[in-house]
Amino acid sequence: MWQMFIDQATIHVKAGNGGAGSRSFRREKFAPKGGPDGGDGGRGGSVILKVDENVQTLLDVKYQRFYRAKNGGKGLGTKKFGKSANDLVILVPSGTLVMNDETDDIVVDLVYQGQQFVAAKGGDGGRGNTHFSTPTNRAPHYAEPGWPGEERTLRLELKLIADVGLIGLPNAGKSTLLSRLSAARPKVGAYPFTTLEPMLGVVRVGNFKSFVAADIPGLIQGASQGKGLGHEFLRHVERTKILLHLVDVTTEDPVQDYYTIRKELETYSPELAKKPAYFIWTKADLLSDTWQAPDLQTQLDPISAVTGKGVQKLIYFLHNQLLSLQSIEKRGHINE
Ligand SMILES: Nc1nc2c(ncn2[C@@H]2O[C@H](COP(=O)(O)OP(=O)(O)OP(=O)(O)O)[C@@H](O)[C@H]2O)c(=O)[nH]1
Ligand SMILES: [Mg+2]
């Protein structure tokens, strides 16, 4: 039932052409009929895909459709080489599968941090006329043109795994929040159990910074025993790194609502209950000015997914939590 969410980007890559070789002859004061001295053209830049651990999704790769590396410089007289162009490096997340868009063949599976793949090779520079002098032709007027850079269309695919799971009672506003956070458009309804299966969305934090949030169907009391839809999905919540627990402030007893979900998590799996979890009051736009926050500590301000209030701050907060988890993973232990 859980649909693996695939992030996809189709890009066209064009490497730079090599620079033309030079056709030039020595012109010195005492050698009016000097030999050839045309230098070679520079190499065109290649387009390279490179795994970077700080990139989580294909969101930024998708942003651009054409990736073009620069052409190499022309060769010059006095045997000067043309300038080689810099490679154009596209940062991709670990787990990016690269396919030929026309044939659907897998080109490469990019996995390791720092792994590189030349998606389009830059053209070699043309040779200057110095290379073409022969005993019968000491003054060749021929120099090679630069060679064209490779060009192709690639499809990048990444299987997304949710970093943040949005949990809560039915109707808490999980789907509404996901549609605020990302381009995902889950169904929103003013009744419980609108969401029937999890849905993922890519949340942009900034340039090359994003994470994945999952909207999980509402949990109810007894979910851990298989009631409602929750049971099936608690399993999926296990794969997320952190949980964001949404609590509707407008219900009769929001504090009780909070404990209902916490209890279900603990009953289902004490391990799951230990996962980093943050709770947040939702539907803040429906609060009156005199509203007093229920007596339950949270480090997050109430949000409204409808007006967007507090949502940007929430994005930064979640991203920071994920970053600190990542650095803990790297160190291999938790600093207490
Ligand atoms: N005023 C207001 N209404 C909201 C807000 N967030 C959600 N709602 C409304 O609350 C109802 C439920 O929202 P959903 O996003 O579908 O809730 P859900 O948690 O995904 O519900 P299930 O999928 O059934 O578990 C809808 O009528 C939303 O329009 C909010 O911030 N302010
Ligand atoms: Mg929903």
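This report walks through the overall form, the two sheets and the ligand site of a predicted model.

Residues count from 1 along each chain as its sequence is written, while chains are lettered from A and ligands numbered from 1 in the order in which they are written. Because the model is predicted, local features need pLDDT of at least 70 and side-chain atom pairs count only at pLDDT 80 or more, whereas totals for chains, interfaces and linings use all residues.

**Overall form**

Let's begin with the whole chain. The protein has six helices and 13 strands; these are DSSP runs numbered from the N terminus, with helices being H or I of at least four residues and strands E of at least two. Its radius of gyration, taken over C-alpha atoms, is 29 Å, well over the 20 Å that the globule rule (2.2 Å times the number of residues to the power 0.38) gives for 336 residues, so the protein is more spread out than a compact globule. The C-alpha trace spans about 100 × 40 × 40 Å along its principal axes. Buried residues, those with 20 or more other C-beta atoms (placed from the backbone) within 10 Å of their own, make up 43% of the 336 residues.

**The two sheets**

Strands pair if DSSP finds at least two bridges between them. The two open sheets compare as follows.

| Strand order | Pairing | Edge strands | Average twist |
|---|---|---|---|
| β10-β11-β9-β12-β13 | mixed | β10 (199-206), β13 (277-282) | 30° |
| β4-β2-β7 | mixed | β4 (88-92), β7 (116-120) | 30° |

In the five-stranded sheet, β9 (residues 164-168) and β12 (residues 242-248) run parallel and are joined by five bridges. Here glycine 165 faces leucine 243 of β12. In the three-stranded sheet, β2 (residues 47-51) pairs with β7 in the antiparallel sense over four bridges, and lysine 50 has glutamine 116 in β7 as its bridge partner.

Two helices lie across the five-stranded sheet. Helix α2 (residues 174-181) crosses β9, β10, β11 (209-215), β12 and β13, at about 160° to β11. Helix α4 (residues 254-268) lies across β9, β12 and β13, at about 150° to β12. Such angles run from 0 to 180 degrees between N-to-C directions, with axes fitted to C-alpha atoms, for helices over the stretch in contact; contact means C-beta atoms, placed from the backbone, within 7 Å.

**Around ligand 1**

Helix α2 appears again here, giving three residues to the shell around ligand 1, the largest share. In total 24 residues surround the ligand, each with its backbone-placed C-beta atom within 6 Å. The closest are Gly173, Ser175, Ala190, Thr195 and Gly218.

How values were computed. A residue is buried if 20 or more other C-beta atoms lie within 10 Å of its own, exposed if 12 or fewer, and partly exposed in between; C-beta atoms are placed from the backbone.
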